[in-house]
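Please work through the exercises below with the sequence and the 3D structure at hand. Each task is followed by a solution that goes step by step.

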Amino acid sequence: MRLVVLGCAGSFPGPDSAASSYLVQADDADGRTWSVLLDLGNGALGALQRWGDPAALDLVAISHLHADHVADLAVLGVYRRYRPAGPLPRLVVQGPAGTRERIVQMSGHDPATDTAEQFDVRTWAPGVPVVVGPMTLEAVPVEHPVAAVGVRVTGPSEDDPARRVVLAYSGDTDACPGLDDLATGADLLLAEAAFVEGRDDHVRGVHLTGRRAGQAAARGGSRALVLTHVPAWNDPHVAVAEARAVYDGPVVLAAPGATYPV
């Protein structure tokens with residue numbers, strides 16, 4: 001199983017990155033590659049095309065319905081509807097309650113752009129696994145101003161396919177029990193770090209700092225931490241330093257196009 005960063009800018013696309021979107025791929029025993037997207041924020045469809053045909057996606061997993069995590073679903077629908085190669089079966093989209101209505105809202109009511117019917121939208125049920133080829137996804141509720149989940153993805157190790165590994169994605173959240181559940185035993189914790197210690201302490205229930213992400217990784221025994229969702233106005237090295245001060249494992253900063261084997 002491998003993680004490809006399509007977009008890692010926090011809250012809005014940055015000058016060098018699309019907003020949040022992560023491609024997770026795993027090969028099954030027959031050599032077929034399965035592809036899952038974790039979120040599809042503003043601008044991420046462009047980056048996705050560098051890694052293959054968006055028509056080859058097997059599932060899109062949406063953590064919550066803020067635009068920087070879901071906006072490009074509207075244009076993915078346009079791609080799927082009008083591609084010259086012909087129509088596609090509906091693509092499964094797992095998301096929180098209201099996901100289909102959000103797609104309709106973004107697509108508008110112009111018959112040329114209304115693409116909601118391109119998707120088979122399903123609602124997360126916490127604790128109920130979603131199987132995609134050799135991968136199993138589980139949603140874990142987290143703390144954000146809107147309904148939000150993090151996602152644990154279990155699948156074959158990139159180095160040893162006989163071994164099962166866990167990629168945990170925080171989505172957007174503050175420190176909470178759900179984040180600790182995500183981090184527990186994760187081989188790689190992909191955690192947002194949009195806030196800065198000391199500057200944003202008065203705002204809780206929205207985002208993590210690098211320190212809070214590092215504390216979750218330490219409490220959960222995560223084997224590696226990748227920090228993401230850092231807004232363009234933040235110094236990303238501050239987030240990394242905050243995390244390293246409280247977590248002894250490897251800490252790296254997500255970068256567009258970076259690939260991490262799990």
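**Exercise 1.** How many bridges join strand 13 to strand 14, and do the strands run parallel or antiparallel?

*Solution.* The model is a predicted one, in which local features need pLDDT of at least 70 and side-chain atom pairs count only at pLDDT 80 or more, while totals for chains, interfaces and linings use all residues. Residues are numbered from 1 along each chain as its sequence is written, and side-chain values use heavy atoms, with hydrogens and water left out. Strands are DSSP runs of E with at least two residues, helices are runs of H or I with at least four, and both are numbered from the N terminus; two strands pair if DSSP finds at least two bridges between them. Strand 13 (residues 225–228) is joined to strand 14 by 3 bridges, and the two run parallel. Within this pair, Leu 227 stands opposite Leu 253 of strand 14.

**Exercise 2.** Find the partners of strand 3 and state whether strand 3 is enclosed or not.

*Solution.* Begin with strand 1 (residues 2–9), which is joined to strand 3 by 5 bridges and runs antiparallel to it; here Val 4 stands opposite Leu 23. Next, 7 bridges join strand 3 to strand 4 (residues 33–40), again in antiparallel fashion, and Ser 21 stands opposite Leu 40. Finally, 6 of the 7 residues of strand 3 (residues 21–27) are buried (under 20% relative accessible area, with a 1.4 Å probe and protein chains only), so strand 3 is largely enclosed by the rest of the structure.

Definitions and conventions. Buried < 20%, exposed > 50% of the residue type's maximum accessible area, 1.4 Å probe, protein only.
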